[in-house]
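Work through these short exercises on the empty spaces in a protein model. Try each task before reading its solution.

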Amino acid sequence: MDVNLMVEVTPLLIKAAWITIDISIRAIILGFGVACVLVFLRSLQIKPLQWFSRGYVSVIRGTPYFVQLLLVFYGGPTIGLTMDPFTCGVMVGAFNIGAYMSEAIRGALESVESGQNEASRSLGFGRLQTLTYVVLPQAAGLMIRSVGVLAIVLVKNSSLVSIISVVELTYQAQRLIGSTYKPFEIFTLTAVMYICIVYAVMGIVELAYRRATRYTTLVKRVQ
Amino acid sequence: MELDFSPVIAYAPTLLSGVGVTSLIALVVALFSVLGGLLVAVISVYTNKVVSWPIRFLIWLFMTTPLLLQLYFLYFGLGEWILIPALMVGVLGLGFHYMAYNADIFIATIRSVSAGQYEASRSLGFGHLRTLFYIIVPQAFIRSVPQIGNNLILMVKDTSVLSAIGVAELVYASQYAISVSFRPFEFFIVIAIVYYLLNLIMEFGQARFERMTADRR
């Protein structure tokens with residue numbers, strides 16, 4: 001173990017870790033938007049839109065993220081879709097995780113009893129009001145948990161973006177190994193940084209979960 | 001934009017051999033990760049903390065770091081001392097990665113088999129190991145079929161990552177053809193379709209197997 005070297009490369013790796021975090025946050029936010037659109041299309045009573053949503057989810061979940069990344073980055077220019085590596089990583093990550101998230105969100109919404117929906121509608125709430133005031137608060141806990149798991153998957157998948165030469169954690173690690181020939185030390189440090197990021201995500205998810213379920217757990221305790 | 005699939009057809013044999021390698025890797029890794037995961041889970045549940053904690057730590061480590069990093073670590077990191085062929089590293093790396101995920105599931109299902117089963121089996125004269133082998137593990141295995149199936153489906157897709165360390169599977173096999181023909185879009189579309197078909201087969205198999213075992217769960 002070369003401790004001096006590890007201390008020396010830490011700032012460089014932290015800088016690269018920020019790129020990993022940056023890419024992940026953008027992809028998660030955009031992916032959540034994609035997922036909401038997919039769930040919305042699926043909930044409409046228009047068959048072609050439902051087919052589109054289901055087909056999209058099936059195709060995205062049925063092909064590897066890695067191949068999607070290569071297809072868009074190297075194949076994109078053929079169909080006039082030229083992006084810089086960072087944007088490509090964010091877009092592919094978002095459109096990939098969006099498909100998984102849409103299933104998670106749909107599952108959470110369907111976990112709320114249909115009686116709740118009917119009762120709310122018969123009390124005079126509109127469809128949107130029912131969703132925001134009745135269904136979402138009850139589905140939020142499960143939704144946050146399952147979206148959180150996917151966020152962690154996305155952080156780990158973001159290492160694949162190094163293949164299209166985005167200078168994130170894994171790429172930086174490889175570059176440093178190229179100049180120092182100390183793979184063991186540098187990979188250990190990189191792993192520690194991934195673990196820190198994953199735990200930070202887990203912490204945020206847990207906080208959000210507690211906040212979202214503070215009333216529902218209270219109701220359960222009273223019952 | 002004009003698509004030309006003729007180079008894909010010209011290199012069809014290369015792609016087919018890539019599909020073969022991918023399927024073979026997937027098969028070996030599936031066996032390795034399921035059987036290994038089961039063994040690891042049994043060891044970690046039924047031994048003392050000195051043995052089980054290091055195992056838990058390794059499971060945790062494999063689950064919290066990216067697959068690509070683990071592959072690089074095995075290939076380049078251990079390359080400092082021993083040089084393992086890429087194919088071996090790929091199979092072992094992917095195998096250990098999914099072994100950790102499978103072991104995590106098996107640990108939960110082994111715990112879910114009630115303690116009464118163990119006690120009843122022991123009182124009927126089975127020894128400790130026989131009880132585990134004939135009573136506990138089969139029940140736990142049947143219960144974990146759906147989740148293990150999900151993991152295996154993810155695993156087949158993750159075989160594509162092995163191309164990053166130069167294993168000659170589907171994606172890597174087409175790299176040369178792409179660099180010669182300058183037709184990345186067509187090739188990657190075809191590769192994506194192949195993976196989609198593999199995935200459909202896996203999903204079909206998972207559904208069949210789940211139905212077969214449903215009444216025993």
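A cavity is a set of grid points where a 1.4 Å probe fits but cannot get out. The model is predicted.

**Exercise 1.** Find how many cavities of 30 Å³ or more there are, and give the volume of the second largest cavity.

*Solution.* Start with the count: two cavities of 30 Å³ or more. Then take the volume: the second largest cavity holds about 30 Å³ of space.

**Exercise 2.** Describe the lining of the second largest cavity.

*Solution.* First, list the residues: L38(A), V39(A), R42(A), S53(A), V57(A), S102(A), E103(A) and R106(A). Next, place them: α1, α2 (47–62) and α4 of chain A each give at least two. Last, sort them by class: three are nonpolar, two polar and three charged.

**Exercise 3.** Do the same for the largest cavity.

*Solution.* Its space is about 40 Å³. The lining consists of I23(A), S24(A), A27(A), Y65(A), G89(A), G93(A), L154(A), S158(A) and V161(A). Two or more of these come from each of α1 and α4 of chain A. α1(A) gives the most, with three residues. By class, five are nonpolar and four polar, with no charged residues.

**Exercise 4.** Turn to the second largest pocket and work out what lines it.

*Solution.* The volume of this pocket is about 970 Å³. Its lining has 26 residues; nearest its centre lie S43(A), L109(A), N117(A), R127(A) and L131(A). At least two lining residues come from each of α1 (3–43), α4 (85–110), α5 (114–122) and α6 (127–157) of chain A. The classes are 14 nonpolar, six polar and six charged.

Conventions: Residues numbered from 1 in each chain as written. Chains lettered and ligands numbered in written order. Predicted model: local features only at pLDDT ≥ 70, side-chain atom pairs only at ≥ 80, totals over all residues. Heavy atoms only, no water. 1 Å grid on protein atoms, 1.4 Å probe; cavity = no way out; pocket = protein on both sides within 12 Å on 5 of 7 lines; lining within 4 Å. Points joined across faces, edges and corners; volume = space filled by probe spheres on them. Helix = DSSP H or I, 4+ residues; strand = E, 2+ residues; numbered from the N terminus. Nonpolar A, V, L, I, M, F, W, Y, C, P; charged D, E, K, R; others polar.
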